[in-house]
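Q: Could you take a close look at one part of this model and describe it in a connected way, before following the account into another part for comparison? Please explain each term where it is used.

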Amino acid sequence: SDDGKLSFDEFKAYFADGVLSGEELHELFRTIDTHNTDNLDAEELCDYFSKHLGEYENVLSVLEDLNITILKAMDKTKKDYQEASNLEQFVTRFLLKETLNQLQSLQSSLECAVETTEEQTWHERKDPTKPEVLSVQWPGKCLARRFQRNNSLSSNNPHSSTGWTEEDSQWVMQINRLQKLIDRLEKKDLKLEPLEEEVLEENARSHIMIVQHQMAVIEEKVEEFRLALKQYMESASARGGCLHVSIQKLPSNFHFIVYEFWENSNAWNSHLQMNYSKAFQRSKVDFLETPELITTMLVPGKY
């Protein structure tokens with residue numbers, strides 16, 4: 001939340017690696033939290049990981065120097081490339097590609113090391129507890145997902161079959177379906193289907209009406225606004241032709257976004273003439289800091 005410290009939920013979202021269980025993550029959190037504040041600050045994180053760097057202290061130091069050196073080279077390339085001769089430009093392109101190849105080779109070695117250590121961890125665990133699933137992707141996100149899919153999310157995996165309930169199996173099936181979709185989206189050779197034109201009926205009933213309301217509420221009027229909005233939603237949802245109504249509140253202020261889905265524009269226009277809708281429109285004059293922003297969109301009703 002950009003407040004300079006990590007709650008346990010934030011810690012878990014970033015540091016969960018698909019291997020440690022929730023209990024183990026919580027124990028690690030308490031170990032790092034030497035100030036006993038139930039939050040981790042930068043000093044505590046640095047103190048903990050500094051004690052465990054070992055050989056990686058030199059590695060990270062070199063990477064920092066490498067990062068600075070590459071940025072300097074990129075800056076010089078940006079300034080000089082356009083004015084360089086064709087031969088000089090060729091040499092620059094070659095050096096850039098060669099640098100990239102070297103870095104990718106190093107990355108491949110590191111990915112293999114990560115995959116091997118995680119695989120060994122799974123094999124060493126006789127009765128592993130169900131791990132936390134990553135909610136924040138690390139740089140090696142493809143590798144992490146591939147490892148999790150092959151080792152912890154596969155229904156044929158002997159390490160995951162014991163102790164799993166039917167609900168767990170359904171959960172795994174849904175994640176595997178999502179994984180296949182992600183894999184398809186990440187393919188560089190993705191080909192789009194040929195464009196197909198569809199002739200739609202030219203009438204109000206052939207499209208669904210989507211309406212978005214953006215409202216900035218006066219802080220002192222928030223509770224009154226909530227009550228009026230609740231009554232409005234209940235009335236709108238109960239009306240024929242309303243497909244769905246939902247509310248989102250932005251966490252940083254008193255802005256509300258309301259989404260309404262109507263069967264067609266006629267249903268929406270009829271809704272606007274109802275007493276509950278007119279009453280809500282009148283009440284908003286007293287509740288809002290700025291005029292309400294309404295956006296409407298028609299989408300095809302057939303898919």
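**A buried acid, its surroundings and a helix**

A: E44 lies in helix 3, which covers residues 42–50; helices (H or I, at least four residues) and strands (E, at least two) are DSSP runs, numbered from the N terminus. The model is a predicted one, in which local features need pLDDT of at least 70 and side-chain atom pairs count only at pLDDT 80 or more, while totals for chains, interfaces and linings use all residues. Residues are numbered from 1 along each chain as its sequence is written, and side-chain values use heavy atoms, with hydrogens and water left out.

E44 is buried, where buried stands for under 20% relative accessible area, exposed for over 50% and partly exposed for values in between (1.4 Å probe, protein chains only). E44 nevertheless has no salt bridge, a term that requires a side-chain nitrogen of Lys or Arg within 4 Å of a carboxyl oxygen of Asp or Glu. The nearest side chain of opposite charge, that of K5, is 10.0 Å away, with Lys and Arg counted as positive, Asp and Glu as negative, and His and the chain ends not counted. Once neighbours within four places in sequence are set aside, E44 is in contact (heavy atoms within 4.5 Å) with I32, D33, T34, H35 and N39.

The loop between helix 2 (22–32) and strand 2 (40–41) holds N36, whose phi is near 55°, a positive value in a residue other than glycine. N36 counts as exposed because its relative accessibility is 65%. D38 is placed in the loop between helix 2 and strand 2; its phi, near 65°, is positive in a residue other than glycine, and D38 is exposed at a relative accessible area of 59%.

An unreviewed UniProt entry carries the annotation "domain: EF-hand" for residues 20–55; such annotations may be inferred rather than shown by experiment, feature names are shortened, and positions are given in the numbering used here. Over residues 20–55 the chain is 56% helix and 6% strand, with the end C-alpha atoms 23 Å apart.

Helix 9 (residues 222–238) offers a second case, with V222, F225, A228, L229, Y232, M233 and A236 buried. Seen down the axis of helix 9, the buried residues fall within an arc of 140°, so they line one face; the arc is that of the directions from the helix axis to the C-beta atoms. E223, L227, K230 and A238, on the other side of helix 9, are exposed.
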